Amino acid sequence: MNTELMPLILAGDGYQLTIADEAIQRKAEMLSNSAVITAVGDNHESAVAQFHTRQLAAMRIEVEKSRKLVKEPVNRIGKMIDQAAAEFLIEITAEEGRIKRLIGNHAEEVLRIKAEKEAAERAAFDAARAAREAAEEGGIAAVLAAKKAAAEKMEASAEVATTKVADGVRFAWDFEIEDITAVYRAAPEFITLEIKRSAVLEWFREMERADVDVAAAASLVNIRAFKKPIVSSR
């Protein structure tokens, strides 16, 4: 590995992840035993099925605990890596942002100057056209004025042509929201609405504890409340 190209270097031998053979065997046995559950037709069969779900859930919980234990030192190292990189780059990022702001300010100033020159070019064009029309109606003075106006038009066009934004800089559309409610009314396709599920369920529990008709109360805010079976894994 060419460490000269890697400012951030992780010392150590790395990690090797394995799954215990005993766990693999237990998993196979559990799946084989639970495969016999193909339907639940009475309470006895429901009890048998729940026994298997508890066995499966026990292994799932065991693996989850193991995953957290194994992952914890890796997470700790990950946080250390992130912190070291962030601290190292504080000055770099700040300087990059400072110079980009200078470049952006210059580009905006060039755009402003170019807009002024384009306005002057349009004015010169209008003046040249008016002078040409006057010259067509006669008079040496009118002809001279037309030539002068044409020259000024050419000069204004040349000014516009030489006013350019620097290479590597482009202007892209961006936006700020002034009134999100007004945006939703005018163009709802631009707004994402998401229900706060945990808040709704907590509201249901509070009403149930207060002996309130949950379904009826929820219907008042256009929510259909219902209960569904939850199979215990304990």
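**Helix H2, its contacts with H1, and a nonpolar core**

Serine 34 is buried, with a relative accessible area of 17%. In this predicted model, serine 34 lies in helix H1. Beyond residues up to four places away in sequence, serine 34 touches His52 and Leu56.

Histidine 52 belongs to helix H2. Its relative accessible area is 14%; because this falls under the 20% cut-off, histidine 52 is classed as buried. With residues up to four places away in sequence left out, histidine 52 touches Asn33, Ser34 and Ile37. The contact between Ser34 and histidine 52 thus appears among the contacts of histidine 52 and among those of serine 34.

The wider pattern in H2 was examined next. The buried residues of H2 are Ala49, His52, Ala57 and Met59. These buried residues pack against helix H1, which covers residues 21-34. An α-helix has 3.6 residues a turn, so residues three or four places apart point the same way.

Helix H2 runs from residue 43 to residue 88 and holds 46 residues. At 1.5 Å a residue, a span of 68 Å is expected. The C-alpha atoms at the ends of H2 are 64 Å apart, which agrees with that expectation. H2 carries a kink of about 35° at lysine 71. The kink lies shortly before proline 73. At the start of H2, aspartate 42 makes a polar contact: a side-chain oxygen of this residue comes to within 3.1 Å of the backbone nitrogen of histidine 44.

A second region involves helices H6 and H7. The largest nonpolar core has seven residues. Its members are Val200, Phe204, Met207, Val214, Ala217, Ala218 and Ala225. Helix H6 (197-209) and helix H7 (214-219) each supply at least two residues of this core. In soluble globular proteins, nonpolar side chains tend to be buried together. Among the core residues, valine 200 also touches Ile195 and Ile223, not counting residues up to four places away in sequence.

Phenylalanine 204, another core member, has a relative accessibility of 16% and counts as buried. Tryptophan 203 is partly exposed, at 30% relative accessible area. The count of aromatic pairs comes to one. In this pair, the ring centres of tryptophan 203 and phenylalanine 204 are 5.8 Å apart. Their planes meet at 40°, so the pair is tilted. The 40° angle falls between the limits of 30 degrees for stacked and 60 for edge-to-face pairs.

How values were computed. Residues numbered from 1 in each chain as written. Predicted model: local features only at pLDDT ≥ 70, side-chain atom pairs only at ≥ 80, totals over all residues. Heavy atoms only, no water. Helix = DSSP H or I, 4+ residues; strand = E, 2+ residues; numbered from the N terminus. Expected span 1.5 Å × (residues − 1). Bend = angle between axes of the 7 residues up to and from the residue. Buried < 20%, exposed > 50% of the residue type's maximum accessible area, 1.4 Å probe, protein only. Contact = heavy atoms within 4.5 Å. Polar contact = N/O pair within 3.5 Å; in protein donor to acceptor, adjacent residues only side chain to side chain. Phe/Tyr/Trp six-rings, centres within 6.5 Å; stacked < 30°, edge-to-face > 60°. Core = buried A, V, L, I, M, F, W, Y, C linked by side-chain atoms within 4.5 Å.
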